[in-house]
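I opened this entry to look up a helix, a histidine and a sheet. My notes follow in the order I worked.

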Amino acid sequence: MADETPNENPDNAAAEAAASDDQELTLEEQLAAAIAERDTNLDRWHRAEAECENVRKRMRRELEEARKFESLGLSRDILPALDNLRRAIDAAGQTHNLDQLIEGVELVARQFQDALNKHQVIAIDAVNKPFNSEQHEAMQQIPSADHPPMTVIQELEQGYTLHDRLVRPSKVIVSKAVE
């Protein structure tokens, strides 16, 4: 009987069958647990995906709203100057006093400049400065003995920058050497 293998012993066969049933139940339980975990993770993924889409939509709406009303602050700052310009025009029509009209228009110009400065729209200082093609647009060159060549001697239209970006160049008259 020394040649007896474990499978031939009836007691061993029953024990192995019972162990096999336990392993199958354990494998079935493991499979069920894995499926439940998969379903939980899939549900979490779907919720995260939906949340990301909601965030994208909300950000898009907020960006559109910001773009839509981006000029609101500038508008509020410029409107008082426009009101004063209208008052100056009305007053000039009634009094026919040219000095008062000039004074009123100068006040309005300062208000506009202050409103632009408040929003970092800064005037380019061009007169008596060297010509800079990045900030100036030369409309004409005039011979001048009083200024070095390529110096801005007159500004026809003021230029502006917003932070470091050019809003519009200054339209200028530039000196050239006298022949």
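I took buried to mean under 20% relative accessible area. The model is a predicted one.

Helix α2. I located α2 at residues 72–95, 24 residues in length. From first to last C-alpha I got 35 Å, close to the 34 Å expected at 1.5 Å a residue. I then looked for bends and found a kink of about 30 degrees at Ile 78, shortly before the proline Pro 80.

Which residues of α2 are buried? I listed Ala 81, Asn 84, Ala 88 and Ala 92. Their packing partner is α3, residues 98–118. After the end of α2 I noted His 96, which has a positive phi near 60 degrees.

His 136. I found this residue in strand β2, which covers residues 136–143. Is His 136 buried or exposed? Its relative accessible area is 5%, which is under the 20% cut-off, so I entered His 136 as buried. Setting aside neighbours within four places in sequence, I recorded contacts of His 136 with Ile 124, Ala 126, Pro 130, Phe 131, Val 152, Pro 169, Ser 170 and Val 172.

The sheet. I traced an open sheet of 3 strands in the order β2-β6-β3, with mixed pairing. β2 and β3 (152–157) are at the edges with a single partner strand each, so one side of each lacks a neighbour in the sheet. Ignoring direction, I noted an average turn of 25 degrees between neighbouring strands of this sheet.

Last, I checked how β3 meets β6 (residues 170–176): the two run antiparallel and are joined by 4 bridges. Opposite Glu 155 I found Val 172 of β6, a residue also on the contact list of His 136.

Note on methods. Residues numbered from 1 in each chain as written. Predicted model: local features only at pLDDT ≥ 70, side-chain atom pairs only at ≥ 80, totals over all residues. Heavy atoms only, no water. Expected span 1.5 Å × (residues − 1). Bend = angle between axes of the 7 residues up to and from the residue. Buried < 20%, exposed > 50% of the residue type's maximum accessible area, 1.4 Å probe, protein only. Contact = heavy atoms within 4.5 Å. Pairing = 2+ DSSP bridges. Axes fitted to C-alpha atoms, helices over the stretch in contact; angles between N-to-C directions.
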